[in-house]
Structure formats: structure tokens, C-alpha cells
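The following exercises invite the reader to examine a protein model step by step. Each task is followed by a worked solution.

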Amino acid sequence: MPLLESVVVETSPSIDSVVIWLHGLGADGYDFQPIVKSLSLPDEMGVRFIFPHSPIRPVTINGGMEMRAWYDILDMSIERVVDMENIKESCGQINDIIDAQVALGIPSERIVLAGFSQGGVIAYQLGLTMQSKIAGIMALSTYLVEGDSIVEAKDSTNGETPILIHHGSMDPVVPPSLGHSAHATLLKKSYPVTFNDYPMPHSVCPEQVVDIANWLKTVLSK
């Protein structure tokens with residue numbers, strides 16, 4: 001299978017780390033491309049940002065309309081009934097991107113998985129279950145599916161991998177309670193997780209961009 005088409009932005013001619021950033025429902029890889037400039041990362045970090053386009057598929061909660069989506073959402077209840085087969089498929093596609101970067105000479109330990117909303121679900125699911133160690137997991141305005149099935153940190157390859165959770169306190173799309181619930185679940189299972197919330201809806205704010213930049217500098221420091 002060919003790799004998913006992606007938008008790629010490099011901060012330096014010399015690359016030694018990668019951030020794979022997954023968009024939300026109905027968006028595409030261009031959605032977060034502008035954030036690279038806003039992060040103002042130093043050239044010496046040499047980061048390659050990869051923003052994949054998800055497949056186009058029908059989404060049940062949107063009347064079966066076809067759009068870019070990492071998985072089908074079957075019900076918008078607080079439990080978020082989702083298509084786990086779609087999620088597994090998307091995790092496999094992102095894992096293929098990771099493998100391709102490793103083949104290019106970037107160790108998996110220098111790769112960060114990031115995602116917004118639906119993309120964050122995939123970042124969680126893959127990062128917490130994959131067999132390769134990565135540098136960090138960034139989960140923005142998102143939620144954890146089947147949290148009870150996530151193994152304890154001591155039993156996970158990425159049990160010591162830093163996890164950053166950001167959520168808007170006025171989010172009408174993914175309720176803040178879901179962000180707090182993911183945080184509580186991961187803390188209970190002893191993962192190293194940081195939670196920040198911001199007075200914003202289902203979006204990204206300038207204060208948050210500064211915090212993301214600082215976190216990336218930390219997890220990708222040599």
C-alpha cells in the first residue's frame with residue numbers, strides 16, 4: 001500500500017527529528033501547516049513536520065456524507081461510539097509513515113505523534129500500543145477510546161514517553177470532560193502525562209502554541 005499523501009515542512013536543511021501531526025474530522029493535512037512558522041523552533045532542532053491527509057470515507061453522524069476522516073463516528077454520545085476497525089486501519093497507515101522515516105535514518109525515538117480531535121484519537125491509540133519507542137505523544141482537543149484496554153505504563157513500550165494533553169475549557173465539540181477523563185485514565189496507569197486547558201472552543205490559541213513549542217523543545221532535546 002502506498003503511503004498516505006502528506007504535507008511536509010522542514011525547519012532546517014539538516015533533519016534529525018520528525019513530528020507527525022494528524023488533522024481533525026473534515027480537515028486535511030494543510031490545516032495545521034501554518035503552525036510550523038508560529039512555533040518558531042530554532043533551526044538547530046532540524047524538525048520535519050509531516051501532516052498526512054486522512055482517507056475520504058462516509059461519516060455516519062454527518063448523514064453518511066463523505067469527507068476526510070480517520071474513522072467513522074457512529075454516535076455523538078459522550079461515550080463516542082466509533083468504528084474501531086477504521087481506527088486500526090488508520091493506525092497502520094501512520095505506522096507505515098513512521099517506518100518510512102526510520103528507513104530514512106530518523107530513529108523512532110526522535111519521532112513525535114501529534115493529533116487534533118480525531119487525529120488525537122489516532123495519536124493516542126497508536127502511541128500507546130505500538131512496539132517502537134517514540135519521543136512524545138501530543139493530544140489536542142481529543143479523547144481516548146477504549147481507555148480501559150490501555151495497558152499499564154510498566155507494560156507499554158511507551159510507558160515512559162511524555163504525553164501532552166491540551167483542551168479548550170469551552171469546547172462544544174469534544175467536551176472538556178473527555179480530555180480530563182483521558183488525563184485521569186493515563187495518570188491512573190502511571191503514564192507521564194501533562195494536562196493544560198485554555199479558555200477557547202474547539203481550536204488552538206496563541207498561548208497554547210507557545211506551550212507546544214516549549215514541550216517540543218524538551219522532548220526533542222538531545
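The exercises below treat the sheet, its helices and selected residues.

The model is predicted: local features need pLDDT of at least 70, side-chain atom pairs count only at pLDDT 80 or more, and totals for chains, interfaces and linings use all residues. Residues are numbered from 1 along each chain as its sequence is written, and side-chain values use heavy atoms, with hydrogens and water left out.

**Exercise 1. The sheet**

Determine the order of the strands in the open sheet and name its edge strands.

Solution. Begin with the terms: strands (E, at least two residues) and helices (H or I, at least four residues) are DSSP runs, numbered from the N terminus. Two strands pair if DSSP finds at least two bridges between them. Seven strands then follow one another as β1-β3-β2-β8-β9-β10-β11, in an open sheet with mixed pairing. Its edge strands are β1 (6-10) and β11, each of which pairs on one side only. On average, neighbouring strands of this sheet are turned by 15° against each other, direction ignored.

Next, consider individual pairs. Strands β8 (residues 111-116) and β9 (residues 136-140) run parallel and are joined by five bridges; Val 112 has Gly 136 in β9 as its bridge partner. Six bridges link β10 (residues 163-168) with β11 (residues 193-198), again in the parallel sense. Here Ile 163 has Val 193 in β11 as its bridge partner.

**Exercise 2. Helices on the sheet**

Identify which strands helix α3 lies across and which strands α4 touches.

Solution. Contact means heavy atoms within 4.5 Å. Angles run from 0 to 180 degrees between N-to-C directions, and axes are lines fitted to C-alpha atoms, for helices over the stretch in contact. Helix α3 (residues 118-129) lies across β2 (17-22), β8, β9 and β10, at about 145° to β8. Helix α4 packs on the sheet, where it touches β10 and β11, and its direction makes about 160° with that of β10. Together, β10, α4 (residues 176-188) and β11 make a right-handed β-α-β unit.

**Exercise 3. Helix α2**

Compare the expected span of helix α2 with the distance between its end C-alpha atoms.

Solution. The expected span is 1.5 Å times one less than the number of residues. Helix α2 (residues 84-103) has 20 residues and should therefore span 28 Å, which agrees with the 28 Å between its end C-alpha atoms. At the N-terminal end, Asp 83 caps α2 through a side-chain oxygen 3.0 Å from the backbone nitrogen of Glu 85. After α2 comes Gly 105, with a positive phi near 105°.

**Exercise 4. Three residues**

Is His 166 buried or exposed? State also where Ser 141 and Ser 190 are found.

Solution. Buried means under 20% relative accessible area, exposed over 50%, and partly exposed in between (1.4 Å probe, protein chains only). His 166, in strand β10, has 0% relative accessibility and so counts as buried. Its contacts, apart from neighbours within four places in sequence, include Ser 141, Asn 196 and Asp 211.

Ser 141 is found in the loop between β9 and β10 and is buried, because its relative accessibility is 0%. Ser 190 lies in the loop between α4 and β11 and is exposed, because its relative accessible area is 53%.

Finally, consider phi. Most residues other than glycine have a negative phi. Ser 141 has a positive phi near 50°, and Ser 190 has a positive phi of about 70°.

Technical notes: Right-handed = clockwise from strand over helix to strand, strands pointing away. Polar contact = N/O pair within 3.5 Å; in protein donor to acceptor, adjacent residues only side chain to side chain.
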